[in-house]
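Fancy a bit of practice at reading a protein model? Have a look at the sequence and the 3D view, then try the exercises before you peek at the solutions.

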Amino acid sequence: MFRLNEVSETIYFLKSGIVESWVTVEIDGAREEETRHVSQPGETIGDVAFLFNLRQAFNARMSRRTAGVLLELSRSEFQTIVSLFPEPVSYTHLRAHETDS
């Protein structure tokens, strides 16, 4: 999916399967992968780097142990969606509409 320090141009949504996030560390002279997070369905991956225009803080890949579905949203697609809904909406505002019904 992406590597440590890559410029983030995509946010990922995990529909099914598992995404492993890791960094490579050196232990006793040997390079090893250190797991930082195991994402489950419903989670986003790479969202902080994407939203704040940062470089990725870790590596990420779909787990080889299970099949999965990963949805991608590019920065240009995200900007198009934001331009269609320019007025900020708060979570509290959305919850108020849910209870009014």
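Below are five short exercises on this predicted model, each with a worked solution.

**Exercise 1. Find what holds R75 and E9 together, and say where each one sits.**

Step 1: Look at the two side chains. R75 and E9 meet in a salt bridge, with N and O 3.4 Å apart.

Step 2: Place them along the chain. R75 belongs to helix α2, residues 75-84, while E9 is in the segment before β1. The pair links distant parts of the chain, 66 residues apart.

Step 3: Check the exposure. The cut-off for buried is under 20% relative accessible area, so R75, at 15%, is buried. E9 comes out at 41%, which makes E9 partly exposed.

Step 4: Zoom out. A search of the whole structure turns up five salt bridges.

**Exercise 2. Work out which strands the R61 and E33 salt bridge ties together.**

Step 1: Start with the contact itself. The side chains of R61 and E33 form a salt bridge at 2.7 Å, N to O.

Step 2: Assign the strands. R61 lies in β5 (residues 59-62) and E33 in β3 (residues 30-39), so the bridge ties together parts 28 residues apart in sequence.

Step 3: Compare the cover. R61 has 18% relative accessibility and counts as buried. E33, with 46%, is partly exposed.

Step 4: Look for company. E20, E33, R61 and R65 are joined into one network by salt bridges that share partners.

Step 5: Pick out another pair. E34 makes a salt bridge with R36, and their closest N and O atoms are 3.3 Å apart. E34 is partly exposed, with a relative accessible area of 34%.

**Exercise 3. Lay out the open sheet of three strands.**

Step 1: Write down the order. The strands go β3-β2-β5, and the pairing is antiparallel.

Step 2: Find the edges. β3 and β5 each have a single partner strand, so one side of each is left without a neighbour in the sheet.

Step 3: Add the twist. From one strand to the next, the twist averages 35 degrees.

Step 4: Inspect one pairing. Strand β2 (residues 19-27) is joined to β3 by nine bridges, and the two run antiparallel. To get your bearings, find V19, which stands opposite S39 in β3.

**Exercise 4. Track down a nonpolar patch on the surface.**

Step 1: Gather the members. V48, L51, F52 and L54 form the patch, and together they have about 410 Å² of accessible area.

Step 2: Take F52 as an example. F52 sits in the loop between α1 (47-51) and β5.

Step 3: Decide how open F52 is. Exposed means over 50% relative accessible area, so F52, with 59%, is exposed.

**Exercise 5. Compare the backbones and surroundings of N5 and D28, two residues with a positive phi.**

Step 1: Read the angles. N5 has a phi of about 75 degrees, and D28 has one of about 50 degrees. N5 is not a glycine, and D28 isn't one either.

Step 2: Locate them. N5 is in the segment before β1, whereas D28 is in the loop between β2 and β3.

Step 3: Check the surface. N5 counts as partly exposed at 46% relative accessibility. D28 reaches 83% and is exposed.

Terms used. Residues are numbered from 1 along each chain as its sequence is written. This is a predicted model: local features need pLDDT of at least 70, side-chain atom pairs count only at pLDDT 80 or more; totals for chains, interfaces and linings use all residues. Side-chain values use heavy atoms; hydrogens and water are left out. A salt bridge is a side-chain nitrogen of Lys or Arg within 4 Å of a carboxyl oxygen of Asp or Glu. Helices (H or I, at least four residues) and strands (E, at least two) are DSSP runs, numbered from the N terminus. Buried means under 20% relative accessible area, exposed over 50%, partly exposed in between (1.4 Å probe, protein chains only). Two strands pair if DSSP finds at least two bridges between them. Axes are lines fitted to C-alpha atoms, for helices over the stretch in contact, and angles run from 0 to 180 degrees between N-to-C directions. Patches are made of residues with over 30% relative accessible area and no salt bridge: like charges are joined within 9 Å, nonpolar side chains (Val, Leu, Ile, Met, Phe, Trp, Tyr) within 5 Å. Accessible areas come from the Shrake-Rupley method with a 1.4 Å probe; for residues, only the protein chains shown count as cover.
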